[in-house]
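Dear colleague,

Please find the structure below, handed over for your own work. My notes on the ligand site and the domains come after it.

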Amino acid sequence: MDSKAGKYKVKDLGLAAEGRKKIEWAESRMPVMMALREKYSKTKPLKGYKIAGCLHVTKETAVLVETLKSAGAQVSWSGCNPLSTQDEIAAALAKNGIEIYAWHGQNVKEFYWSIEQTLSMKPNLTLDDGADLIFTVHNKYPKLVNNIIGGTEETTTGVHRLRAMSAAKKLLYPVIAVNDAETKWDFDNVYGTGQSSIDGILRATSVLLAGKNFVVAGYGHCGKGVAMRAAGLGANVIVTEVKPTAALKATLEGHVVMTMDEAAKIGDIFITATGVKDIITEKHFKVMKDGAIVCNTGHYDCEININHLAALSKGKRTVRPNNEEYTLKNGHKVYLLAQGRLVNLAAAEGHPSEVMDMSFANQFMSQIRLVNYHTKGIKVEPQVLDIPVEQDQEIGGIKLRTMGYKIDKLTKEQEVYMNDYSAGT
Ligand code: ADE
């Protein structure tokens, strides 16, 4: 592995040219980010600020990183999942002078080592996807908090945990919940996860989805997107849920709802999207059909109990990239994709650039917002902050314009009417 002490550790710097072409491809499909880069590279609002980031190293993330740098920030980066780093992208970033510690196939020790390297810059801001960076600060390097003005969090799982931390009064600095922006969750989580998860399953298996019993565990935004796309390809979608209203929505979208205990017996393909551990366990593997395919698209690899699968098995071999065949003692074969990690990022390239454009515009604007609070001397208590409605509408508006769509505008009279509670029949 190439290594230049303190500055980067990536798989192979020789992959940089290949990575750069992919980043340029992403740039051509991320017009909101490119507009923000153009605007803020002139004023450099992040000059003098150090950002430690921990987020999947993909071509889209590279566009975010280089936009933060253009706006004046000093950036240090690590990946937020051991299997999601695209080595050519990490190489291209390193070659462009970005401090980065990331390579595909890290073990857990290397994963946390990389996070800790990024913290050696003593950041002023953190940028997370899944909250491992912010937890490392809180649990291992709490003194760093003295330099930190705030952070941003990309994903549902991370925001959940941060809200729990905040409720327990354990959160030491303010964090903006990027995930909860409408221009994030209503697009990235639904259409991004929908497409990229199917992409990951197909790259790892190349199976036909039409006619298959496709079990989606969890009907939140991500599960909904996956179910919608699987149904579009002709699969019979079965949803498992714990929340009555979510299950109800699934039925009204035309999906069948049942418990995992029932679904386990008839599913051909299983995907977990719950954010909760032990969704598929021993009792489910035991009753699965021969040839069942199992994968996860939730942030952590705890949704499928792989220890249970291993304990039930007499053998294991890799049959295709990101596809491991477990032979159970009952003779059935179960195929586990991407080692139970995010199938969309480990077996494919993550969400398409077009959708990450809005998610990362929210990341970028949120980092600037935290800096603005700081420069204006506005004290923000440690808490989880929402994205302002105006930011959502601004990002949505730019996206729409770059797609070539025009929309109507309320007249003055309509605005008055909307706010007039006395108007009726
Ligand atoms: N999360 C899901 N897809 C992603 C992508 N393409 N880049 C970064 N993070 C992601």
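The notes below take the ligand site and then the two domains.

This is a predicted model, in which local features need pLDDT of at least 70, side-chain atom pairs count only at pLDDT 80 or more, and totals for chains, interfaces and linings use all residues. Residues are numbered from 1 along each chain as its sequence is written, and side-chain values use heavy atoms, with hydrogens and water left out.

The shell around the ligand (residues with a heavy atom within 4 Å of it) consists of Leu 55, His 56, Thr 58, Glu 60, Thr 61, Leu 345, Glu 349, Gly 350, His 351, Met 356 and Phe 360. At least two shell residues come from each of helix H3 (59-70) and helix H15 (353-375), helices being DSSP runs of H or I with at least four residues, numbered from the N terminus.

Polar contacts are pairs of N or O atoms within 3.5 Å. A ligand nitrogen lies 2.7 Å from a side-chain N or O atom of Thr 58, and for the side chain of Glu 60 the corresponding distance from a ligand nitrogen is 2.9 Å. At His 351, a polar backbone atom is 2.8 Å from a nitrogen of the ligand. The ligand alone exposes 260 Å², and the protein buries 95% of that (Shrake-Rupley method, 1.4 Å probe).

The domain assignment, automatic or from a database, gives domain 1 (2-180 + 350-402) and domain 2 (193-341). Their C-alpha centres are 30 Å apart. Contact (heavy atoms within 4.5 Å) joins 14 residues of domain 1 to nine of domain 2.

Kind regards

Definitions and conventions. Polar contact = N/O pair within 3.5 Å; in protein donor to acceptor, adjacent residues only side chain to side chain.
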